[in-house]
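User: Please take a close look at one part of this model. I would like the central sheet and what surrounds it, in one connected answer.

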Amino acid sequence: TLPSVRYSGMTGKRSLVVLFPTMGGKGSHYETQGFLDEVWERGFEASIEVLNVKPSLYLGSRIVELVKNEVVEPAKAEGFKEIYLVGVSMGGHGALLYATTYPEDVDGIVLLAPFIGGDRASEAIEAAGGLDTWEDCPFLGWTYGCNLWKSLQVYVSDPSNQKKVVLGFGREDRFVDQCRVLADALPPEQVFTVPGGHNWATWKELFIKAADYFQELKIQRDK
């Protein structure tokens, strides 16, 4: 089973926001760092599901079927109309695994300093001219990481999927090279950067920018 905590929104069951934790596995950091408040302060009709994930579940894609069967399908049965994924660091990896496997389930995805598939693959993609023109995994590359990049390549090649992805990262982040490769494959208005490294202060600043972006989309949609 996949432990999680549900925080119910005050205005019905329009949207469920699923938060994937970092490598440490504790979803409670999202609450203590104020991420939940940023969602509700903007008037989103959202409940929030905070996952607690053993780090080993991220590798080998085991997280995907757990989220599908224990979170997403039950949420649909409850009546939720939209599913949004948020992932920080290794949590971004997990969110990408899910979105690329079940794209039809996901209405939006926020990736903050995600670990995607290692530097060797991202260097090969950059050398090939970008994600849309890249073809081959590098010699002695990490096959698992390459496979996620391949899935991501297919995912963002679909304009309907591409517009769902919001990416944020600190300009001194340890995964900055991977993030820039993905950033180059996205519309610039969906990419946010700030000074900072791989830490909660930077991620909180980026999350606020992402929340403002989705709030503006909501305003335009509701006009």
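Analyst: Axes here are lines fitted to C-alpha atoms, and angles run from 0 to 180 degrees between N-to-C directions. The model is predicted. With that angle in hand, take helix 3 (residues 62–78). Helix 3 lies across strand 1, strand 2 (15–20), strand 3 (46–51) and strand 4. Against strand 2 it runs at about 160°.

Now the sheet. It is open, has seven strands and follows the order 1-3-2-4-5-6-7. Its pairing is mixed. Strand 1 (4–7) and strand 7 (191–194) are the edges. Each has a single partner strand, so one side of each is left without a neighbour in the sheet. On average, neighbouring strands are turned by 15° against each other, direction ignored.

Strand 4 pairs with strand 5 (residues 108–112) in the parallel sense, over five bridges. G87 has L111 of strand 5 as its bridge partner.

After strand 4 (82–88) comes a loop that holds S89, ahead of helix 4 (90–101). S89 counts as buried because its relative accessibility is 8%, and the cut-off for buried is under 20%. Beyond its neighbours within four places in sequence, S89 contacts T22, L112, A113, P114, F115, F175, H198 and W203.

Next, the packing. The largest nonpolar core has 52 residues. F20, I63, V67, L85, I109, W149 and L152 touch the most other members. Helix 6 (residues 143–157) gives the most to this core, seven residues. Another core lies apart from it, with 27 residues, among them L19, I48, V86 and W200. Leaving out residues up to four places away in sequence, I109 touches L85, A95, L96, A99, Y155, K164, V165 and V166.

Note on methods:
Residues are numbered from 1 along each chain as its sequence is written. This is a predicted model: local features need pLDDT of at least 70, side-chain atom pairs count only at pLDDT 80 or more; totals for chains, interfaces and linings use all residues. Side-chain values use heavy atoms; hydrogens and water are left out. Helices (H or I, at least four residues) and strands (E, at least two) are DSSP runs, numbered from the N terminus. Buried means under 20% relative accessible area, exposed over 50%, partly exposed in between (1.4 Å probe, protein chains only). Contact means heavy atoms within 4.5 Å. A nonpolar core is a set of buried Ala, Val, Leu, Ile, Met, Phe, Trp, Tyr and Cys residues joined through side-chain atoms within 4.5 Å. Two strands pair if DSSP finds at least two bridges between them.
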